Amino acid sequence: MSTGTGTGGGADDDGAYCVPAGPEAPAAPSGAAGGPPYAECVLCREPTEYPESTRGATLCPVCAWQEAGRSACSG
């Protein structure tokens, strides 16, 4: 039985994910300094990997992953 440590991704999973530490960690897109202006995620308002000119509902990688999990388990 799970002890609730959050390592298995079960019911006690809070949706957080591990971010690599150190200089090899990728920098988040930051407007003009990081390239073209990036669209906001429609759920959490974080920058996405899509340009602002992208049409439709844009999701950041985290929200896209969570949405895929929800739709896969919806039966």
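R45 is exposed, its relative accessible area being 57%, where exposed denotes over 50% relative accessible area, buried under 20% and partly exposed the range in between, evaluated with a 1.4 Å probe on protein chains only. The model is a predicted one, in which local features require pLDDT of at least 70 and side-chain atom pairs are counted only at pLDDT 80 or more, whereas totals for chains, interfaces and linings use all residues. Residues are numbered from 1 along each chain as its sequence is written, and side-chain values rest on heavy atoms, with hydrogens and water left out.

The chain contains 1 helix and 2 strands, helices (H or I, at least four residues) and strands (E, at least two) being DSSP runs numbered from the N terminus. From the N terminus on, these elements follow the order β-β-α. Of the 75 residues of the chain, 8% count as buried. The chain exposes about 6,000 Å², of which carbon and sulfur atoms supply 58%; accessible areas were obtained by the Shrake-Rupley method with a 1.4 Å probe, and for residues only the protein chains shown count as cover.

Strands β1 and β2 run antiparallel and are joined by 2 bridges, pairing being assigned if DSSP finds at least two bridges between two strands. The two strands form a hairpin with 6 residues between them, and R45, in the turn, has a positive phi of about 65°. Within this arrangement, E40 stands opposite P47 in β2. E46 is found in the loop between β1 (38-40) and β2 (47-51) and is partly exposed, with a relative accessible area of 46%. When neighbours within four places in sequence are left aside, E46 is in contact (heavy atoms within 4.5 Å) with A39, E40 and C41. The C-alpha atoms of E46 and C60 are separated by 6.7 Å, although the two residues lie 14 residues apart along the chain.

T58 is placed in the loop between β2 and α1 (61-72), and its relative accessible area of 6% classes T58 as buried. Apart from neighbours within four places in sequence, T58 is in contact with A39, E40, C41, V42, T48 and Y50.

Side chains of opposite charge can pair when their charged atoms come close. A search of the whole structure yields 2 salt bridges, a salt bridge being a side-chain nitrogen of Lys or Arg within 4 Å of a carboxyl oxygen of Asp or Glu. E40 forms a salt bridge with R45, in which the closest N and O atoms are 3.1 Å apart; E40 counts as partly exposed at 42% relative accessibility. The side chains of E67 and R70 likewise meet in a salt bridge, at 2.9 Å from N to O, and both residues lie in helix α1, 3 residues apart, about one turn of the helix. E67 is partly exposed at 35% relative accessibility, and R70 is also partly exposed, with a relative accessible area of 46%.

The same kind of search over the whole structure returns 0 disulfides, a disulfide being a pair of cysteine sulfur atoms within 2.5 Å. The sulfur of C44 has its closest cysteine sulfur in C60, 3.6 Å away, and is therefore too far for a bond. C63 is in no disulfide either, the nearest cysteine sulfur, that of C60, being 3.6 Å away. With respect to accessibility, C44 is partly exposed at 34%, whereas C63 is buried at 7%.
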